Amino acid sequence: METEALQNSRHYQLGKHYYDMNRYEQAKEHLREALAEAPTNPTVLYMLSYCEFELGNVEEAYELCVDVLQKGLVTEYVYQLLALILQSQKKWYEAEQALLQALALNPQEPGIIATYAYLMLQTGHVKKARLLMEEAKRLDPQDSTVLHYQFYIDLIVSNKKQQQKTLQSYVEVEDDELYKLIKIGEEAYFRDDYKTAKENLVQAFLLDPTNERIKEMLDAIDKETQIVFWPNRLVDKLGGPIGMWVVFAVILFLISYLAPFALGYFAVGWLVFAVYTWISPLVYKLVCKVRSQ
């Protein structure tokens, strides 16, 4: 009865349409309405759970995913989603158990094996992660999920040559323009090419203005390139606060020996510099507020 109701439901059709396009905010709105028409339908619950997960609503996603399993939709992909949710909550053991359940249902699914590989890397099991990723690539080297996790593993281990190769393969097989732009932007960001990163992430933002990951990356780029944070970037290049104070001590010693009359000016200038690095986030917020007016 519920299945028939869904087939005739405009909300379900629109929700699935947006879901297939990875537009999760819009999909969620319509799927909520569809769920009111078919409150026990596990497919709608699964799609809603995935939407909530992608939107960062982890607790809601977990409750819905558990509800899916309780209502009888027991597939490897439901367990994979449950593992992703638990992984985001840093519940490593529970996430691994969910992935093992998924692999028990389908031991030859490369995307799930790649997900497991990434979990092992996150928990410090590097050798096991590599073995699992090799198995995932053996099963399907062009699987988009496999390439997705290979890309992030390359980022973590700083394998830049393999990273660019993986990115190229990912762009060739991924159908969604949004994810292509995000990956290109991320790769550029981590090699400090902020111009390329921003160009691609701005395009991605135009496709999906609700995507929190894109907003975080654009904000990070703004902080890396904004002149307001120039003193902070200098401190980072000096090795952080400890490095900054070592440099201060060295310069202070040299000035006291070569130009003792300038000691007071230098000390005041350095104090202003140090205080500014502490309050620069507040200055940045004020600049953003002025720019938005």
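Let me begin with a term: a residue is called buried when its relative accessible area is under 20%, exposed when that area is over 50%, and partly exposed in between, using a 1.4 Å probe and protein chains only. What you see above is a predicted model, in which local features need pLDDT of at least 70 and side-chain atom pairs count only at pLDDT 80 or more, while totals for chains, interfaces and linings use all residues. Residues are numbered from 1 along each chain as its sequence is written, and side-chain values use heavy atoms, with hydrogens and water left out.

I will start with the cysteines. Cys51 is buried, at a relative accessible area of 0%, and Cys65 is buried as well, with 0% relative accessibility. How many disulfides does the structure hold? There are zero, a disulfide being a pair of cysteine sulfur atoms within 2.5 Å. The cysteine sulfur closest to that of Cys51 belongs to Cys65 and lies 13 Å away, which is too far for a bond.

Now to the helices, which here are DSSP runs of H or I with at least four residues, numbered from the N terminus. Helix 2 covers residues 10-20 and helix 3 residues 24-37, and their axes, which are lines fitted to C-alpha atoms over the stretch in contact, come within 7 Å and cross at roughly 150°. The two helices are therefore roughly antiparallel, a label for angles over 145 degrees, on a scale that runs from 0 to 180 degrees between N-to-C directions. In their contact, where contact means heavy atoms within 4.5 Å, helix 2 contributes residues including Tyr12, Lys16 and Tyr19, and helix 3 contributes, among them, Ala27, His30 and Leu31.

Helix 2 also packs against helix 4, residues 42-54, at an angle of about 40° and with the axes 11 Å apart. This pair is therefore oblique, the word for angles that are not under 35 degrees, not over 145 and not from 65 to 115. On the helix 2 side the contact is made by Tyr12, Lys16 and Tyr19, and on the helix 4 side by Thr43, Val44, Tyr46, Met47, Tyr50 and Cys51, the last of these being the buried cysteine I mentioned earlier.

Finally, let us turn to Ala136, which sits in helix 9, residues 126-139. Ala136 is buried, with a relative accessible area of 0%, and, neighbours within four places in sequence aside, Ala136 is in contact with Pro110, Ile113, Ala114 and Val146. His148 lies 12 residues from Ala136 along the chain, and their C-alpha atoms are separated by 12 Å.
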